[in-house]
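The following note is offered to a colleague who is meeting this structure for the first time. Its points are numbered and may be read alongside the model.

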Amino acid sequence: MEIRRFHHSEGVEVAERFAYYGISSNLITYLTGPLGQSTATAAENVNLWAGTATLLPILGAFVADSFLGRYTTIIVASLIYILGLGLLTLSALLSTHTATDLPCSPPPFQLILFFFALYLVAIGESGHKPCAQAFGADQFDGHDPQESKAKSSFFNWWYCCKSGGTMVTLLILNYIQDNLNWGLGFGIPCAAMLISLVIFLLGSKMYRYSVKVDKKSAFLRIGSVFVSSIRNWRTTPSAIALEEEARGTRPHPSSEQYMFLNKALLAPNGSKEDGKVCSISDVEEAKALLRLVPIWTSCLVFAVVFAQRSTLFTKQAVTMDRSISHGIDFPAASLQFFMNLSIVLFIPIYDRVFVPLARALTRKSSGITMLQRIGTGIFLSVMTMVIAALVEMKRLKTAQEHGLVDLPDVTIPMSVWWLIPQYVLLGIAESFTMVGLQEFFYDQVPSDLRSVGISLNLSIFGTGNFLSSFLVSVIEKTTGGNGRYSWFDNNLNRAHLDYFYWLLAGMSVVQMAFYVYSAKSYIYNRRGAV
């Protein structure tokens with residue numbers, strides 16, 4: 001029964017990913033084509049939208065965990081999502097631009113409608129993304145031995161199925177958008193979301209719903225810890241020790257971290273009024289959230305690297321030889337298919353081969369810890385940027401050798417398949433880091449904040465997109481102007497994406513060192529799988 005419940009909730013997620021990547025994977029092409037934007041401006045707009053779509057889930061998770069519940073939030077978010085996709089389709093149908101037309105500026109009304117619809121989709125994403133996965137995990141009973149075992153592989157197979165839906169998008173929708181019609185390319189995801197919502201509603205009677213207990217909201221409990229700690233900032237350590245001794249509590253290992261939060265155990269002015277003093281469990285929950293901050297911060301550069309897959313990687317591919325037969329070109333954005341293919345192929349191997357072997361060596365149920373898994377992906381992201389820089393250097397050299405430096409609209413005689421290694425390696429890195437982060441943030445937050453945990457994971461990539469946009473903007477202004485070609489010049493044969501990739505590789509090395517330090521000092525909470 002739990003598998004059937006999982007399939008219904010997973011179907012909604014697959015459709016949502018199909019819709020999301022139907023927009024994001026080829027958005028830079030639409031912005032530089034029908035909307036006539038420059039490469040740098042388009043990359044910034046893609047990153048800003050993607051950042052918004054992955055930061056807003058924090059708000060959606062708050063609404064779900066505090067007020068509406070995950071089930072209701074999924075329904076409301078899906079309706080907003082469908083409305084946004086419908087308006088996006090309308091804006092594309094209003095355009096007279098075709099795939100063979102040169103870039104041009106659209107009417108202001110169309111531009112306003114497009115961006116309004118685009119950010120309406122981001123609002124729908126804010127409620128859908130954090131709740132769908134947490135709701136799916138809720139379908140497994142952690143107290144039942146069989147279901148608990150199935151739940152241990154949940155995040156692997158969830159991500160595998162999601163990537164499968166994305167593969168369909170990258171093969172079919174991108175081709176339709178590039179060669180047929182953008183209105184149809186946006187309309188199909190809208191229909192898919194509508195059908196998935198109907199299927200989700202049909203399974204309502206089978207779902208297992210989390211029951212809210214009659215106690216203070218986790219947000220209020222944890223917030224009161226920080227407020228009380230500030231109020232009692234003058235409290236001496238000895239007073240805290242006496243209070244802990246009076247309560248007869250045995251200190252958890254994590255109590256040695258963030259000791260200033262223990263001040264919340266005392267009421268202001270020595271008062272013992274009911275409701276004024278935080279409990280030990282409240283303080284430990286606050287510490288659990290605070291311990292996530294270094295891990296969250298040390299993954300930001302990985303998110304910046306991840307943002308390049310649908311922006312600069314795609315623009316590289318546009319300039320290269322993409323022919324697969326006479327008159328048929330492989331869509332540049334569809335190269336992300338190989339990234340998702342590597343995920344779909346690698347995750348079953350990881351779950352069925354690597355984990356059992358690692359389990360035999362480490363005697364850990366998960367084979368390796370969640371933080372070790374995340375760190376492995378970060379290391380692979382460094383290698384991805386090194387390979388991307390080397391391939392871009394070869395692309396620039398090929399353009400120079402064939403006298404195409406000042407002919408940006410002429411295809412460079414270098415096969416687009418040269419880009420596949422960086423996509424495949426980034427896909428494997430995603431299998432380690434993305435899935436590891438999802439499980440880590442779901443597991444390490446208080447049980448009634450699990451939607452927030454998923455949203456915290458998403459916020460890493462939202463912030464990473466904003467950082468990527470900021471980097472592109474600063475570098476564009478610093479390296480361009482006064483007759484100079486910037487690193488992101490519209491003529492990519494004069495640009496230097498390779499410099500940017502080397503910069504990201506260097507930043508990733510620094511990030512990895514910080515991550516290793518943070519991971520070594522991290523103390524898992526009582527439920528944490530180590």
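1. In this note, two residues are in contact when heavy atoms of theirs lie within 4.5 Å. The model under discussion is predicted.

2. Two packed helices are described by the angle between their axes and the distance between the axes. For helix 13 (residues 300-307) and helix 17 (residues 420-444), the axes come within 12 Å and cross at roughly 145°. The crossing of helix 13 past helix 17 is left-handed.

3. Which residues meet where helix 13 and helix 17 pack? Helix 13 contributes Phe302, Val305 and Phe306, and these meet Leu426, Ala429, Glu430, Thr433 and Met434 of helix 17. Sorted by class, the contact of helix 13 with helix 17 comprises 6 nonpolar, 1 polar and 1 charged residues.

4. Asparagine 457 belongs to helix 18 (residues 450-479). Its relative accessible area is 2%, under the 20% limit, and asparagine 457 is therefore buried. Beyond its neighbours within four places in sequence, asparagine 457 is in contact with Met434, Leu437, Gln438 and Phe441. Met434 is also one of the helix 17 residues that meet helix 13.

5. The largest nonpolar core holds 92 residues, and those with the most contacts inside it are Leu371, Phe440, Phe500 and Tyr501. Helix 17 gives the most to this core, namely 12 residues. A second, separate core has 31 residues, among them Leu35, Ala42, Trp49 and Ala92.

6. Tyrosine 501 deserves a separate entry. Setting aside residues up to four places away in sequence, tyrosine 501 touches Leu312, Phe313, Gln316, Met385, Ala388, Ala389 and Glu392.

Key. Residues numbered from 1 in each chain as written. Predicted model: local features only at pLDDT ≥ 70, side-chain atom pairs only at ≥ 80, totals over all residues. Heavy atoms only, no water. Helix = DSSP H or I, 4+ residues; strand = E, 2+ residues; numbered from the N terminus. Buried < 20%, exposed > 50% of the residue type's maximum accessible area, 1.4 Å probe, protein only. Axes fitted to C-alpha atoms, helices over the stretch in contact; angles between N-to-C directions. Left-handed = near helix turned anticlockwise from the far one by under 90°. Nonpolar A, V, L, I, M, F, W, Y, C, P; charged D, E, K, R; others polar. Core = buried A, V, L, I, M, F, W, Y, C linked by side-chain atoms within 4.5 Å.
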